[in-house]
Amino acid sequence: MTSLTFPRRVELARRPTPLQLLTRATEHWGRGHRLWIKRDDLTGCLLSGNKVRKLEFIAAYALDHGYDTLITCGGLQSNHCRATAFVGAQLGLKVHLVLRGDTPERAEGNYLLDHLAGARVSCYPRAQYLREQADLLEHWRADYARRGHKALVIPTGGSDGLGAWGYLAACEELARDMAAAELPVGHLVTATGSGGTQAGLTLGVGLLDLPVTVWGVNVCDDEQTFLDKVAADAADWSRRSGEALPAKLDVRVLDGYVGEGYARASREVFQLIADLAALEGVLLDPVYTGKAFLGMLREIAAGRFEGCRDIVFLHTGGVFGVFPQAAGFDFSR
Ligand SMILES: Cc1ncc(COP(=O)(O)O)c(C=O)c1O
């Protein structure tokens with residue numbers, strides 16, 4: 001096992017999160033596997049989900065390097081942007097969010113929370129955002145610099161070699177969880193959207209020699225995008241930290257569950273969210289975890305995990321994304 005020198009982190013998340021056996025889901029969908037859930041939806045309330053684990057390291061970096069402002073970007077309902085807005089408010093840092101999409105008529109979900117946390121928000125039409133994202137971020141960074149502020153630009157999802165420490169560190173927690181639950185080996189399934197959670201986990205299991213195979217269910221783009229992105233984040237992590245990469249970076253993507261596109265969920269996803277909520281009292285979301293959980297169940301049914309008893313689903317949060325999509329649920333049945 002590699003011994004790593006971790007950078008400083010600001011303690012923001014409620015850790016360790018529980019690893020729970022889903023007994024009724026196991027009975028219902030397990031087909032001989034035991035289904036576990038790692039409750040990273042419980043990392044906090046306003047800082048809930050996976051993003052806060054990355055932001056603990058990013059915020060420490062910002063404070064230690066004299067930044068007074070955080071600039072980041074994402075979709076209108078970005079969980080990462082909401083988490084960054086609250087991290088900023090908790091630490092006394094200014095936050096400016098560059099969001100993809102026209103300014104909504106009604107503030108709801110994460111977008112509402114961004115404002116409540118006091119973040120400054122700039123919305124750009126989708127096409128312009130996609131074309132000019134790097135320029136827009138640089139424009140605002142320079143604007144803050146002109147006004148005497150030092151702004152750290154955090155990439156989409158906090159996914160880079162710095163944010164990767166979040167889930168690399170979480171692998172130590174997972175190792176303890178597995179020992180306590182007497183899981184000798186397992187598969188771990190997570191939603192992957194900007195690749196950073198998957199990158200940290202993939203690095204972590206490689207470096208800590210954990211007997212776990214990490215699978216990312218992509219909620220946008222395709223398999224190759226995430227093979228490349230995870231490799232790029234891992235290389236960036238190694239470059240920044242001076243630590244060696246594991247001998248083998250085992251990046252695995254379960255493609256085929258994006259559906260009609262990012263943040264557009266099928267009826268089946270909405271139904272699954274309702275079914276799991278009623279069956280286990282665990283709430284998924286239609287953008288990330290609902291699609292990933294469906295992908296996991298389909299792959300179980302197809303025999304992907306044959307020969308391994310235990311499967312862990314990483315619940316990466318996203319609860320506030322449920323409310324803007326309430327119309328997708330059908331209670332008429
Ligand atoms: C709730 C939730 N789950 C999963 C993900 C995917 O994580 P990552 O961006 O690290 O791939 C995100 C963010 O993109 C998210 O908000």
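## Exercises on a two-domain chain

The chain splits into domain 1 (19–48 + 160–328) and domain 2 (51–158). The model is predicted. Work through each task with the structure open.

### Exercise 1. Overall form

Task: Decide whether the radius of gyration of the chain agrees with that of a compact globule.

Solution.
- Step 1. Start with the expected value. For 333 residues, a compact globule would have a radius of gyration near 20 Å.
- Step 2. Compare. The chain has 19 Å, which agrees.
- Step 3. Look at the box. Along the principal axes, the C-alpha atoms fill roughly 60 × 55 × 35 Å.
- Step 4. Add the secondary structure. There are 10 helices and 10 strands.
- Step 5. Check burial. Of the 333 residues, 49% count as buried.
- Step 6. Check the contacts. Take those with a separation of 6 or more: 79% of them join residues 24 or more positions apart.

### Exercise 2. The domain boundary

Task: Describe how domain 1 and domain 2 meet, and what kinds of residue domain 1 brings to the boundary.

Solution.
- Step 1. Place the two centres. Over C-alpha atoms, 24 Å separate domain 1 from domain 2.
- Step 2. Count the partners. Domain 1 has 21 residues in contact with 22 residues of domain 2.
- Step 3. Find the main contributor on the domain 1 side. H6 gives the most, with four residues.
- Step 4. Sort that side by type. It holds 10 nonpolar residues, 10 polar residues and one charged residue.

### Exercise 3. The largest nonpolar core

Task: Find the residues of the largest nonpolar core that touch the most other members, then say where the core lies relative to the domains.

Solution.
- Step 1. Pick out the best-connected members. The core has 93 residues, and Ala164, Val189, Val217, Phe293, Met296 and Phe313 touch the most others.
- Step 2. Name the leading element. Helix H6 (residues 164–181) supplies the largest share, nine residues.
- Step 3. Place the core. Domain 1 and domain 2 both give residues to it, so the core lies between them.
- Step 4. Recall the general trend. Nonpolar side chains tend to be buried together in soluble globular proteins.
- Step 5. Zoom in on one member, Val217. Leaving out residues up to four places away in sequence, Val217 touches Val189, Ala191, Thr192, Leu254, Tyr257, Lys291, Ala292, Gly295 and Met296.

### Exercise 4. The shell around the ligand

Task: Work out which residues come nearest to the ligand, and which elements and domains supply the shell.

Solution.
- Step 1. Take the nearest residues. Of the 20 around the ligand, these are Asn79, Gly157, Gly193, Thr316 and Gly318.
- Step 2. List the elements with at least two residues each. They are helix H3 (79–91), strand S7 (186–192) and helix H7 (196–207).
- Step 3. Name the top supplier. H7 gives the largest share, three residues.
- Step 4. Sort by type. The shell has two nonpolar residues, 17 polar and one charged.
- Step 5. Assign domains. Domain 1 and domain 2 each provide at least three residues.

### Exercise 5. Backbone exceptions

Task: Locate a cis peptide bond and two non-glycine residues with positive phi, Asp221 and Ala263; are these two buried or partly exposed?

Solution.
- Step 1. Find the cis bond. It joins Arg15 and Pro16, with omega about -5°. Pro16 sits in the segment before strand S1 (19–21).
- Step 2. Go to Asp221. Its phi is near 55°. Asp221 is in the loop between strand S8 (212–218) and helix H8 (223–241).
- Step 3. Classify Asp221. It has 18 C-beta neighbours inside 10 Å, so it counts as partly exposed.
- Step 4. Go to Ala263. Its phi is about 65°. Ala263 is in the loop between strand S9 (252–254) and helix H9 (267–280).
- Step 5. Classify Ala263. A residue is buried if 20 or more other C-beta atoms lie within 10 Å. Ala263 has 20 such neighbours, so it counts as buried.

### Exercise 6. Two residues of helix H5

Task: Describe the surroundings of Arg131 and Tyr144, and give one C-alpha distance for each.

Solution.
- Step 1. Place Arg131. It belongs to helix H5 (residues 126–146).
- Step 2. Classify Arg131. It has 12 C-beta neighbours inside 10 Å, so it counts as exposed.
- Step 3. Take the distance to Arg298. Arg131 and Arg298 are 167 residues apart in sequence and 35 Å apart in space, C-alpha to C-alpha.
- Step 4. Place Tyr144. It also lies in helix H5.
- Step 5. Classify Tyr144. With 19 other C-beta atoms within 10 Å, Tyr144 is partly exposed.
- Step 6. List its contacts. Beyond residues up to four places away in sequence, Tyr144 touches Thr69, His149 and Ala151.
- Step 7. Take the distance to Gly216. The C-alpha atoms of Tyr144 and Gly216 are 36 Å apart, with their positions 72 residues apart along the chain.

Terms used:
Residues numbered from 1 in each chain as written. Predicted model: local features only at pLDDT ≥ 70, side-chain atom pairs only at ≥ 80, totals over all residues. Core = buried A, V, L, I, M, F, W, Y, C linked by C-beta atoms within 7 Å. Domains from an automatic or database assignment. Contact = placed C-beta atoms within 7 Å. Nonpolar A, V, L, I, M, F, W, Y, C, P; charged D, E, K, R; others polar. Near = placed C-beta within 6 Å. Rg over C-alpha atoms; globule rule 2.2 N^0.38 Å.
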